[in-house]
Amino acid sequence: MGVPESDEKELLRLTLELFGVMDPEFSRAKGGSQTSTEVAQNFMAEIFGYSQGVHANRVAHPGDDIACLGQHLARLEMRLLFEEILPHIRTLELAGPIRSMCGFQTSGPKTVPIRFAMA
């Protein structure tokens, strides 16, 4: 349920650009000639186009699922954490202050510095 598997890579890219808009690593305005308004308009048009495609697919093939743009990234991060990293960690603790981001549609931790010892 949720985002079609064939869309995962594209949705991950869109998610990083949407939620990382203030992060230079994910910003679309990397030295281009577009204004920030043009960058935002192009991004929103792309998101809208993707959403319309998902909606058309849901109308054609109804189900009880609801897709969130951030769910793929969150699921991928948690899967990697539990499957690949945690089995090899003996201890885990905070190594500094947690930095949060606050936005209109989303807010939460931006960085969570940790210190760990491998098993």
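Here are three short exercises, with worked solutions, on the predicted model shown above.

**Exercise 1. The nonpolar core**

Find which residues make up the largest nonpolar core, and which helix gives the largest share.

*Solution.* Start with the members: the largest nonpolar core consists of six residues, namely Leu 11, Leu 14, Phe 43, Ile 47, Tyr 50 and Val 54. Next, look at where they come from: at least two residues are supplied by helix 1 and at least two by helix 2 (36-60). Helix 2 gives the largest share, with four residues. As general background, nonpolar side chains in soluble globular proteins tend to be buried together.

**Exercise 2. Asp 7**

Decide whether Asp 7 is buried, partly exposed or exposed, and work out where Asp 7 lies.

*Solution.* First locate the residue: Asp 7 sits in the segment before helix 1 (8-19). Then take its relative accessible area, which is 21%. Buried means under 20% and exposed means over 50%, so Asp 7 is partly exposed. Finally, consider Tyr 50, one of the core residues from Exercise 1. Asp 7 and Tyr 50 are 43 residues apart in sequence, and their C-alpha atoms are 9.5 Å apart in space.

**Exercise 3. The nonpolar surface patch**

Identify the residues of the nonpolar patch on the surface and the strand that gives the most to it.

*Solution.* Begin with the list: Leu 92, Leu 94, Ile 98, Val 112, Ile 114, Phe 116 and Met 118 form the patch, and together they have about 660 Å² of accessible area. Strand 1 (89-94) and strand 4 (114-118) each supply at least two of its residues. Strand 4 gives the most, with three. For a closer look, pick Ile 114, which is in strand 4. Its relative accessibility is 42%, so Ile 114 counts as partly exposed.

Note on methods
Residues numbered from 1 in each chain as written. Predicted model: local features only at pLDDT ≥ 70, side-chain atom pairs only at ≥ 80, totals over all residues. Heavy atoms only, no water. Buried < 20%, exposed > 50% of the residue type's maximum accessible area, 1.4 Å probe, protein only. Patch = residues over 30% accessible without salt bridge, like charges linked within 9 Å, V, L, I, M, F, W, Y side chains within 5 Å. Areas by Shrake-Rupley, 256 points an atom, 1.4 Å probe, with all protein chains shown as cover. Salt bridge = Lys/Arg side-chain N within 4 Å of Asp/Glu carboxyl O. Core = buried A, V, L, I, M, F, W, Y, C linked by side-chain atoms within 4.5 Å.
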